[in-house]
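Please look over the structure shown below. The paragraphs after it lead from the overall fold to particular side-chain contacts and then to a pocket.

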Amino acid sequence: MSSTHAPAATSRREQILKEAARLFAERGFHGVGVDEIGAAVGISGPGLYRHFAGKDAMLAELLVGISERLLEGGRIRAASGGDRPAAVLDALIEGHIDFALDDRPLITVHDRELDRLREADRKRVRRLQREYVELWVQVVREVYPACTEADARASVHAVFGLLNSTPHLSRPGALPGRTEMSELLHRLARGAFAAVGADEGTSKSASGCAGGGAGVPGGLSAPSDTSGQSH
């Protein structure tokens with residue numbers, strides 16, 4: 001019997017989190033009541049407490065959860081790329097783009113509300129984010145072997161800032177479709193890393209980067225999507 005009801009319970013919990021993220025992003029954590037979140041998913045405010053202890057618990061699950069998913073997804077993509085660093089970098093970019101396009105409210109909530117988490121949860125989010133950044137840094141340095149660790153880390157943070165700008169873009173109707181936007185973001189991210197990997201003799205000092213893999217892969221025009229989130 002329990003296995004029959006588990007998927008429904010999971011689905012309702014996910015619905016609550018999705019609506020909580022949307023409302024927190026639109027009106028701020030303190031501007032949203034438990035009753036309003038409940039109404040958005042068709043249950044009473046008190047009924048919400050069967051799923052979460054309160055708004056603080058929802059916020060923690062949203063921000064810790066997306067940080068965990070981004071890191072786990074990044075590790076899976078890194079492992080599946082084998083000995084092809086450029087392919088791994090493209091996979092990481094694609095995964096983060098999916099997050100940036102599909103979970104825009106979470107980016108806004110992270111930026112505004114991270115400091116409202118309990119200290120233990122906030123530290124956990126930061127630790128997960130640091131691990132996610134270092135995963136990218138390792139791959140960037142494999143694609144661009146002469147890149148310093150500092151330059152690689154700075155470029156990763158810059159690319160996160162670029163990709164995580166999606167909540168601040170203009171009205172959805174004024175933007176390209178999702179596929180086109182995904183491809184554009186991928187080209188911009190790859191271009192940013194390629195700039196870091198430019199030959200030292202052109203625009204970089206001796207402390208910069210140079211190395212193989214600076215070219216944009218041919219399959220970039222049709223890329224195959226946690227965290228953030230600026231890390």
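Read from the N terminus, the elements of the chain follow the order α-α-α-α-α-α-α-α-α. The chain thus holds 9 helices and 0 strands. The model is a predicted one. Of the 231 residues in the chain, 45% are buried.

The aromatic side chains offer a way into this helical arrangement. A pair of aromatic rings is described by the distance of the centres and the angle of the planes. Rings are paired here if their centres lie within 6.5 Å, and by this rule there are 5 aromatic pairs. In one of them, the ring centres of Y132 and F160 are 5.4 Å apart and the planes stand at 5°, so this pair is stacked; the cut-off for stacking is an angle under 30 degrees. Y132 belongs to helix α7 (residues 119-143) and F160 to helix α8 (residues 149-163), so their contact ties together parts that are 28 residues apart in sequence. Y132 and F160 are both buried. Their pair is also part of a wider group, since ring pairs link Y132, W136, F160 and F193 into a cluster.

Aromatic rings also meet charged groups in this model. The ring of F52 has the charged end of R13 over it, at 4.1 Å from the ring centre. A second case is found at F29, where the charged end of K55 sits over the ring, 4.4 Å from its centre. F52 is also the last residue of a span that UniProt lists, in an unreviewed entry, as "DNA-binding region", residues 33-52. In the model, that span is 60% helix and 0% strand, and its end C-alpha atoms lie 13 Å apart.

Attention may now turn to the largest pocket, whose volume is about 300 Å³. Its lining comprises 13 residues, and those closest to the pocket centre are L17, K18, L62, D103 and L106. Three helices, α1 (2-27), α4 (55-80) and α6 (104-113), each supply at least two residues of this lining. Among the contributors, α1 gives the most, with 5 residues. By residue class, the lining of the largest pocket divides into 7 charged, 5 nonpolar and 1 polar.

Two further charged residues show how positions distant in sequence are placed in space. Is E183, in helix α9 (residues 178-196), buried or exposed? The relative accessibility of E183 is 18%, and E183 therefore counts as buried, the limit being under 20%. The C-alpha atom of E183 is separated by 8.9 Å from that of E94, although the two residues are 89 residues apart along the chain. R126 lies in helix α7, the helix that also holds Y132. With a relative accessible area of 35%, R126 is partly exposed. R126 and V64 are 62 residues apart along the chain, and their C-alpha atoms are separated by 9.2 Å.

Notes:
Residues numbered from 1 in each chain as written. Predicted model: local features only at pLDDT ≥ 70, side-chain atom pairs only at ≥ 80, totals over all residues. Heavy atoms only, no water. Phe/Tyr/Trp six-rings, centres within 6.5 Å; stacked < 30°, edge-to-face > 60°. Helix = DSSP H or I, 4+ residues; strand = E, 2+ residues; numbered from the N terminus. Buried < 20%, exposed > 50% of the residue type's maximum accessible area, 1.4 Å probe, protein only. Lys NZ or Arg CZ within 6 Å of the ring centre and 35° of its normal. UniProt positions renumbered as here; feature names shortened; annotations may be inferred. 1 Å grid on protein atoms, 1.4 Å probe; cavity = no way out; pocket = protein on both sides within 12 Å on 5 of 7 lines; lining within 4 Å. Points joined across faces, edges and corners; volume = space filled by probe spheres on them. Nonpolar A, V, L, I, M, F, W, Y, C, P; charged D, E, K, R; others polar.
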